[in-house]
Amino acid sequence: SKVIAYNNFYEFGVGMGVPAEFSQQFKVVPWSLTIDGLVDKQITLNYEDLLKTYDIEERLYRMRCVEAWTMNIPWLGFTLASLLKKA
């Protein structure tokens, strides 16, 4: 069987399929990310800045459980290290 909509993003709900349903209307604008404090350079980036500034990588995580299930999880994003280097 396929596990397509299951995830653990409890911010959207605790049922297995609920987060996939409720996250469809999630708005990332006008959010921004600020890195400040013990850094050389404070930075604030919005969603578009993040997509323009960092190379998006595609990864595939393969999980195998001792209970005999496996899961292949695709991931798109950028490394935290590349973000922190900017600060």
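Visitor: What is the relative accessible area of Tyr-47?
Guide: Welcome! This is a predicted model, in which local features need pLDDT of at least 70, side-chain atom pairs count only at pLDDT 80 or more, and totals for chains, interfaces and linings use all residues; residues are numbered from 1 along each chain as its sequence is written, and side-chain values use heavy atoms, without hydrogens and water. Buried means under 20% relative accessible area and exposed over 50%, with partly exposed in between (1.4 Å probe, protein chains only). Tyr-47 is partly exposed, because its relative accessible area is 38%.

Visitor: Where in the protein does Tyr-47 lie?
Guide: Helices (H or I, at least four residues) and strands (E, at least two) are DSSP runs, numbered from the N terminus. Leaving aside neighbours within four places in sequence, Tyr-47 is in contact (heavy atoms within 4.5 Å) with Val-28 and Trp-31. Tyr-47 and Leu-33, 14 residues apart in sequence, have C-alpha atoms 8.1 Å apart in space. Tyr-47 itself belongs to helix α2.

Visitor: Which pattern do the helices and strands follow along the sequence?
Guide: There are 3 helices and 4 strands in the protein. Read along the sequence, their order is α-β-β-α-β-β-α.

Visitor: What is the area of the nonpolar surface patch that includes Tyr-47?
Guide: A patch is made of residues with over 30% relative accessible area and no salt bridge; like charges are joined within 9 Å, nonpolar side chains (Val, Leu, Ile, Met, Phe, Trp, Tyr) within 5 Å. Here Tyr-47 is joined by Val-29, Leu-51, Ile-56 and Leu-76. Ile-56 comes from the loop between α2 (47–53) and β3 (57–64) and is partly exposed, because its relative accessible area is 43%. By the Shrake-Rupley method with a 1.4 Å probe, where only the protein chains shown count as cover for residues, the patch comes to about 490 Å².

Visitor: Which side chains of strand β2 point to one face and are buried?
Guide: In a regular strand, side chains alternate between the two faces of the sheet. Strand β2 (residues 43–46) shows this alternation, with Thr-44 and Asn-46 pointing to one face and not buried. Pointing to the other face, and buried, are Ile-43 and Leu-45.

Visitor: Which residue of β2 stands opposite Ile-35?
Guide: Two strands pair if DSSP finds at least two bridges between them. Strand β1 (residues 32–35) and β2 run antiparallel and are joined by 4 bridges. In this pairing, Ile-35 faces Ile-43.

Visitor: How many residues are in the largest nonpolar core?
Guide: A nonpolar core is a set of buried Ala, Val, Leu, Ile, Met, Phe, Trp, Tyr and Cys residues joined through side-chain atoms within 4.5 Å. Ile-35, Ile-43 and Leu-45 are among the members of the largest one, together with Leu-50, Tyr-54, Leu-83 and Ala-87. Beyond four places in sequence, the contacts of Ile-35 include Ile-43, Leu-83 and Ala-87. The number of residues in this core is 7.

Visitor: Which residue forms a salt bridge with Arg-59?
Guide: A salt bridge is a side-chain nitrogen of Lys or Arg within 4 Å of a carboxyl oxygen of Asp or Glu, and the structure holds 1. Arg-59 is partly exposed, because its relative accessible area is 31%; its partner is partly exposed too, at 29%. With 2.9 Å from N to O, the partner is Glu-57.
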